[in-house]
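I opened the model to go through its strands, sheets and a few side chains. The entries below follow the order in which I looked things up.

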Amino acid sequence: MWLRQTPSAPWPGRRSGHTFTLVPSAFGCGTTGVLAFGKGSTSYHADAMALALKDASWSRPTLHGKAVVARWQHAAQALSDRRAVLLTGGLDPQGNSLWDPLLLDISSGNAAEAVWHWCSVINTGESPQPRA
């Protein structure tokens, strides 16, 4: 059964080429969706937001760590420990293919007062070619 909910502010606005990754039991409050990056009508985004599905409440966690390049058409996957999301690939605002895997550590805080950390992923093997 579909249920329409009205999300709370601040909401991320319309965008395309973003990812929305479900993270079960994040913050101990049920399933949370992590929205990352994407292209708005006039700009590209280098952000991440959380949506608590139980009450449709958006939050904008404090982001620390490596500055990230705005991107769209990338891929994202929640890791099995439910404490991080792996992002890779995509296109930068100039249309260049990216290959800089990023890890978003979402383990700190709770949904309302989260502090997330961007981390670089150290590749020890041969990297595949950039792709979008």
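Entry 1, aromatic rings. I took rings of Phe, Tyr and Trp (its six-membered ring) as a pair if their centres lie within 6.5 Å, with planes under 30 degrees apart called stacked, over 60 edge-to-face and the rest tilted. By that rule I found two aromatic pairs in the structure.

Entry 2, source. This is a predicted model, in which local features need pLDDT of at least 70 and side-chain atom pairs count only at pLDDT 80 or more, while totals for chains, interfaces and linings use all residues. I number residues from 1 along each chain as its sequence is written, and side-chain values use heavy atoms, with hydrogens and water left out.

Entry 3, the chain overall. I listed the elements as DSSP runs numbered from the N terminus, helices being H or I of at least four residues and strands being E of at least two. The list gave zero helices and nine strands. I then asked how much of the chain is buried, that is, under 20% relative accessible area (exposed is over 50%, partly exposed in between; 1.4 Å probe, protein chains only). Buried residues make up 39% of the 132 residues. For contacts I used heavy atoms within 4.5 Å. Of the contacts with a separation of 6 or more, 47% come from residues 24 or more positions apart.

Entry 4, the four-stranded sheet. I counted two strands as paired if DSSP finds at least two bridges between them. Four strands form an open sheet with the order 1-2-3-4 and antiparallel pairing. Its edge strands are strand 1 (19–23) and strand 4 (57–59), each pairing on one side only. For the twist I used axes that are lines fitted to C-alpha atoms (for helices over the stretch in contact), with angles from 0 to 180 degrees between N-to-C directions. Neighbouring strands in this sheet are turned by 25° against each other on average, direction ignored. I followed one pairing in detail: strand 3 (residues 48–52) joins strand 4 in the antiparallel sense over three bridges. There, alanine 50 stands opposite serine 59 of strand 4.

Entry 5, the five-stranded sheet. The other open sheet I traced has five strands in the order 5-9-8-7-6, with mixed pairing. Strand 5 (62–65) and strand 6 are its edges, and each pairs on one side only. The twist averages 25° from one strand to the next. Strand 6 (residues 75–78) and strand 7 (residues 84–88) run antiparallel and are joined by four bridges. Glutamine 77 has leucine 86 of strand 7 as its bridge partner. The hairpin of strand 6 and strand 7 has five residues between the strands, and in it I noted arginine 82 with a positive phi near 65°. On to strand 8 (residues 102–108): strand 7 pairs with it in the antiparallel sense over four bridges. Here valine 85 is matched with leucine 104 of strand 8.

Entry 6, alanine 84 and tryptophan 116. Is alanine 84 buried or exposed? Alanine 84 counts as buried because its relative accessibility is 6%. This residue is found in strand 7. Leaving aside neighbours within four places in sequence, I listed its contacts as Gln77, Ala78, Leu79, Leu103, Leu104, Asp105 and Ile106. I also checked tryptophan 116, which lies in strand 9 (residues 115–120). Tryptophan 116 has 0% relative accessibility, so it counts as buried. Its C-alpha is 9.2 Å from that of alanine 84, with the two positions 32 residues apart in sequence. For tryptophan 118 and alanine 84, 34 residues apart along the chain, the C-alpha separation is 9.7 Å.

Entry 7, arginine 15. I found arginine 15 in the segment before strand 1. Arginine 15 counts as buried because its relative accessibility is 12%. Not counting residues up to four places away in sequence, arginine 15 touches Leu35, Ala36, Phe37, Gly38, Lys39, Gly40, His45 and Asp47. I looked for polar contacts (N or O atoms within 3.5 Å; within protein, one able to donate a hydrogen and the other to accept it, and residues adjacent in sequence counting only if both atoms are side-chain atoms). The side chain of arginine 15 reaches the backbone oxygen of phenylalanine 37 at 2.5 Å, and that of proline 12 at 3.5 Å.

Entry 8, charges over rings. I required NZ of Lys or CZ of Arg within 6 Å of the ring centre and within 35 degrees of the ring normal. The charged end of arginine 71 sits over the ring of phenylalanine 37, 5.3 Å from its centre. Lysine 39 has its charged end over the ring of tryptophan 72, 5.7 Å from the centre.
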